[in-house]
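Please follow this walk through the fold with the coordinates open beside the text, moving from one pair of strands out to the whole sheet, then to the helices and the interior, and finally to a few backbone details.

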Amino acid sequence: ARPVVAIVGRPNVGKSTVFNRIIGERLAIVEDKPGITRDRIYGIGEWNGKSFSIIDTGGIELDGEDMILKSIRMQAELAMEEADVIVFMCDAKSGLTQSDEEVANLLYRSGKPIVIAVNKVDNMERADHIYEFYNLGFGDPIGVSGSHGMGVGDLLDAIVEKL
Ligand code: GDP
Ligand code: MG
């Protein structure tokens, strides 16, 4: 069986956008609003001759503000059970938030290898915003732009290194 990679993070950080980049298809539905439940959840990624299954855990997000924390908890639990490597995705545009810290607190206990990705690094100025994510303690944050495709290769390098 292929190793499993799971993407975890609060709603709207760009999990589905980056997931689509990784699976190389445009099938998942990306919308501005959190709470999307129609996303494609599973895909196959391949990089440097290594093949893996990838889960966009955000596909199981529930609707409504009060459900966000519950959704995040469900996602993290799914990832911690199923994944060999977890991609913890944050957002350079909004910066580090309390919800990110809540996800981090769940992930600390997983014992799984974690890659921290900071999405929406669309320009040089945004690149400066990745440093605060060092504070989460998951190692070097990898800046990516799901919209432009920048940094996705570096993220894939970091993922397959841990498989
Ligand atoms: P998810 O809820 O984490 O799955 O996030 P989505 O992939 O649905 O993206 C949420 C919003 O962020 C959408 O409006 C995307 O177009 C936008 N988005 C995703 N990636 C980027 C990026 O790299 N840069 C910018 N500026 N916006 C992005
Ligand atoms: Mg999504």
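In this predicted model, a convenient place to begin is the pairing of β1 with β3, which run in the parallel sense and are joined over four bridges. Within that pairing, valine 5 stands opposite isoleucine 54 of β3. Packed on the sheet is α2, which touches β1, β3 and β4 and whose direction makes about 165° with that of β1.

Strands of a sheet pair through backbone hydrogen bonds, either parallel or antiparallel. Here the sheet is an open one of six strands with mixed pairing, and its order reads β2-β3-β1-β4-β5-β6. Its edge strands are β2 and β6 (residues 142-143), each of which pairs on one side only.

On the other side of β1 in that order comes β4, and β4 is joined to β5 by six bridges, the two strands running parallel. Valine 87 stands opposite valine 115 of β5 in this pairing, and the chain crosses from β4 through α3 to β5 in a β-α-β crossover that is right-handed. The helix of that crossover, α3, lies across β1, β4 and β5 and runs at about 165° to β4. From β5 the sheet continues to β6, with two bridges between these parallel strands, and here valine 118 stands opposite glycine 143.

How much of β5 is buried? Six of its six residues are, so that the strand is mostly covered. In a regular strand the side chains alternate between the two faces of the sheet. In β5, Ile114, Ile116 and Val118 point one way while Val115, Ala117 and Asn119 point the other way, and all of them are buried.

The interior can be followed from the largest nonpolar core, which has 39 residues and in which Val8, Ile86, Val87 and Phe88 touch the most other members. Two or more residues each are given to this core by β1, α1, β3, α2 (68-82), β4, α3 (98-108), β5 and α5, and the largest share, six residues, comes from β4. Valine 8, leaving aside residues up to four places away in sequence, touches Thr57, Gln75, Ala76, Ala79, Ile86, Val87, Phe88, Met89 and Val103.

Among the helices, α1 (residues 15-23) is largely enclosed by the rest of the structure, because seven of its nine residues are buried. These buried residues are Lys15, Ser16, Val18, Phe19, Asn20, Arg21 and Ile22. What covers them includes the strands β1 (4-8), β2 (42-47), β3 (50-56), β4 (85-91) and β5 (114-119), together with the helix α5 (152-162). Just after α1, glycine 24 takes a positive phi of about 70°.

Two residues other than glycine also have positive phi values, and their surroundings can be set side by side. Asparagine 48, with phi near 50°, is found in the loop between β2 and β3, and it counts as exposed because it has 9 C-beta neighbours inside 10 Å, where the cut-off for an exposed residue is 12 or fewer. Lysine 120, which has a positive phi of about 70°, is placed in the loop between β5 and α4 (124-127). Lysine 120 has 22 other C-beta atoms within 10 Å and is therefore buried, since the cut-off for burial is 20 or more.

Note on methods
Residues numbered from 1 in each chain as written. Chains lettered and ligands numbered in written order. Predicted model: local features only at pLDDT ≥ 70, side-chain atom pairs only at ≥ 80, totals over all residues. Contact = placed C-beta atoms within 7 Å. Core = buried A, V, L, I, M, F, W, Y, C linked by C-beta atoms within 7 Å. Pairing = 2+ DSSP bridges. Axes fitted to C-alpha atoms, helices over the stretch in contact; angles between N-to-C directions. Right-handed = clockwise from strand over helix to strand, strands pointing away.
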